[in-house]
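I opened this model to take notes on it, entry by entry. The entries below follow the order in which I looked things up.

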Amino acid sequence: MHDRPTDEVPPTAPDPTSPGHEPTTVERGSFCTARCGCGWSGPARRSRDRARTDAAEHRAAAP
């Protein structure tokens with residue numbers, strides 16, 4: 001399967017307190033997963049909105 005990055009997570013200005021934490025969503029078949037450059041990835045979701053929420057929660061919780 002091919003990973004297809006999407007524009008599901010709205011672009012924001014980089015947060016200087018959490019460098020490298022800019023999660024995006026990736027679609028694979030009928031599932032969508034939030035992933036981050038730090039190596040974190042959320043669970044596969046059928047709901048793209050829930051995957052975006054996972055990404056936002058990760059960004060907010062990043063040290």
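**Entry 1: the hairpin**

I began at the hairpin of S2 and S3, where 2 residues sit between the strands and Gly29 takes a positive phi near 65°. I note here that this is a predicted model. S2 pairs with strand S3 (residues 31-35) in the antiparallel sense, and I counted 5 bridges for the pair. I then looked up which residue of S3 stands opposite Thr25. I found Ala34 there.

**Entry 2: the chain as a whole**

I stepped back to list the elements. The chain has 1 helix and 3 strands, and from the N terminus on they run β-β-β-α. I noted 63 residues in the chain, of which 29% are buried. For the surface I wrote down about 4,200 Å² exposed by the chain, with 56% of it supplied by carbon and sulfur atoms. I also looked at contacts with a separation of 6 or more: residues 24 or more positions apart account for 26% of them.

**Entry 3: salt bridges**

Side chains of opposite charge can pair when their charged atoms come close. I searched the whole structure for such pairs and got 6 salt bridges.

I took Glu27 and Arg48 to start with. Their salt bridge has its closest N and O atoms 3.5 Å apart. Glu27 lies in strand S2 (residues 24-28) and Arg48 lies in helix H1, so this pair ties together parts that are 21 residues apart in sequence. I checked both ends for accessibility. Glu27 counts as buried because its relative accessibility is 12%, under the 20% cut-off. Arg48, at 24%, counts as partly exposed.

Next I went to Arg50 and Asp54. Their side chains meet in a salt bridge at 3.4 Å, N to O. Both residues are in helix H1, and because they are 4 residues apart there, about one helical turn separates them. Arg50 counts as partly exposed, with 31% relative accessibility.

Arg50 has another partner. Its side chain also meets that of Glu57 in a salt bridge, at 3.7 Å from N to O. Glu57 is partly exposed at 43% relative accessibility. I then asked myself which residues are linked with these in a network of salt bridges. The network consists of Arg45, Arg50, Asp54 and Glu57.

**Entry 4: Asp54**

I gave Asp54 an entry of its own. Asp54 lies in helix H1, which spans residues 48-61. Is Asp54 buried or exposed? I have Asp54 down as buried, because its relative accessible area is 6%, and the cut-off for buried is under 20%. I looked up the contacts of Asp54 next, leaving aside neighbours within four places in sequence. They are Ala34, Trp40, Pro43 and Arg45. Ala34 is also the residue that stands opposite Thr25 in the hairpin, and Arg45 also belongs to the salt-bridge network.

**Entry 5: cysteines**

I searched the whole structure for disulfides and found 0. Cys36 is in no disulfide, and its nearest cysteine sulfur, that of Cys38, is 3.7 Å away. Why is there no bond between the sulfur atoms of Cys38 and Cys36? At 3.7 Å the sulfur atoms are too far apart for a bond, because a disulfide needs sulfur atoms within 2.5 Å. I also compared the burial of each cysteine with the cut-offs. Cys36 is buried, with a relative accessible area of 10%, whereas Cys38 counts as partly exposed at 43% relative accessibility.

**Entry 6: Ser41**

Last, I looked up Ser41. Ser41 has its place in the loop between S3 and H1. I recorded 42% relative accessibility for Ser41, so this residue counts as partly exposed. Leaving aside neighbours within four places in sequence, I found Ser41 in contact with Thr33, Ala34 and Arg35. Ala34 thus appears in this contact list and in that of Asp54. I also took one C-alpha distance. Ser41 and Thr24 are 17 residues apart along the chain, and 9.5 Å separates their C-alpha atoms.

Notes: Residues numbered from 1 in each chain as written. Predicted model: local features only at pLDDT ≥ 70, side-chain atom pairs only at ≥ 80, totals over all residues. Heavy atoms only, no water. Buried < 20%, exposed > 50% of the residue type's maximum accessible area, 1.4 Å probe, protein only. Contact = heavy atoms within 4.5 Å. Salt bridge = Lys/Arg side-chain N within 4 Å of Asp/Glu carboxyl O. Pairing = 2+ DSSP bridges. Areas by Shrake-Rupley, 256 points an atom, 1.4 Å probe, with all protein chains shown as cover.
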